Amino acid sequence: QVQLVESGGGLVQAGGTLRLSCAASGSIFSINAMGWYRQDPGKQRELVARITSGGALNYADSVKGRFTISRDNAKNTVYLQMNSLKPEDTAVYYCNADIRTNSWSHVDFNYWGQGTQVTVSS
């Protein structure tokens, strides 16, 4: 009913730039928040950046000053601008969203995308 589709991942050299996109589609009444998480094999998934419907921002300390999250509410899309990439940024990046799917139930449900691979070479 709700689908999150990521794009923009790839292979870049250290110091390079990537921009990730995540578009939400399906039965969407409103989106409370969207964000990005990342995970390396064998490690815990961690929050990278999050933005609420009101514009509140949350970044992991490791990406502050380098990554920027933004939203296009009309397109139900969230972006992650990644500058000055480092090898330690290598991971699968997952889009996440808290979405209200109808007008009568005041409950948000959490959804995940399939992930997009980001690889930063040294």
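## Exercises: salt bridges, a disulfide and a buried threonine

Salt bridges join Arg38, Glu46, Arg66 and Asp89 into a network. A salt bridge here is a side-chain nitrogen of Lys or Arg within 4 Å of a carboxyl oxygen of Asp or Glu. The model is predicted: local features need pLDDT of at least 70, side-chain atom pairs count only at pLDDT 80 or more, and totals for chains, interfaces and linings use all residues. Residues are numbered from 1 along each chain as its sequence is written, and side-chain values use heavy atoms, with hydrogens and water left out.

**Exercise 1.** Find the salt bridge between Arg38 and Asp89, and place both residues.

*Solution.*
- Take the closest N and O atoms: they are 3.0 Å apart.
- Locate the ends. Arg38 sits in strand β4 (residues 30–39), Asp89 in the loop between β8 and β9, 51 residues apart. Strands (E, at least two residues) are DSSP runs, numbered from the N terminus.
- Check burial (buried: under 20% relative accessible area; exposed: over 50%; partly exposed: in between; 1.4 Å probe, protein chains only). Arg38 has 6%, so Arg38 is buried. Asp89 has 1%, so Asp89 is buried.

**Exercise 2.** Which residue forms a salt bridge with Asp89 at 2.8 Å?

*Solution.*
- The residue is Arg66.
- Arg66 lies in the loop between β6 (57–59) and β7 (67–72), 23 residues from Asp89.
- Arg66 and Asp89 are both buried.

**Exercise 3.** Analyse the salt bridge of Arg50 and Asp98.

*Solution.*
- The N to O distance is 3.4 Å.
- Arg50 belongs to strand β5 (residues 46–52), Asp98 to strand β9, 48 residues apart.
- Arg50 is partly exposed because its relative accessible area is 27%. Asp98 is at 17%, so Asp98 counts as buried.
- Now the total: the count is five salt bridges.

**Exercise 4.** How many disulfides are there, and what is the handedness?

*Solution.*
- Apply the cut-off: a pair of cysteine sulfur atoms within 2.5 Å. The count is one disulfide.
- The pair is Cys22 and Cys95, with sulfur atoms 2.0 Å apart.
- Cys22 is in strand β3 (residues 18–26) and Cys95 in strand β9 (residues 91–100), 73 residues apart.
- The S-S torsion is about -85°, so the disulfide is left-handed.
- Both cysteines, Cys22 and Cys95, are buried.

**Exercise 5.** Describe the surroundings of Thr77.

*Solution.*
- Thr77 is in strand β8 (residues 77–82).
- Its relative accessibility is 7%, so Thr77 is buried.
- The Thr77 side chain reaches the backbone oxygen of Lys75 at 2.9 Å.
- Beyond neighbours within four places in sequence, Thr77 has contacts (heavy atoms within 4.5 Å) that include Cys22, Met34 and Asp72.

Definitions and conventions. Helix = DSSP H or I, 4+ residues; strand = E, 2+ residues; numbered from the N terminus. Polar contact = N/O pair within 3.5 Å; in protein donor to acceptor, adjacent residues only side chain to side chain.
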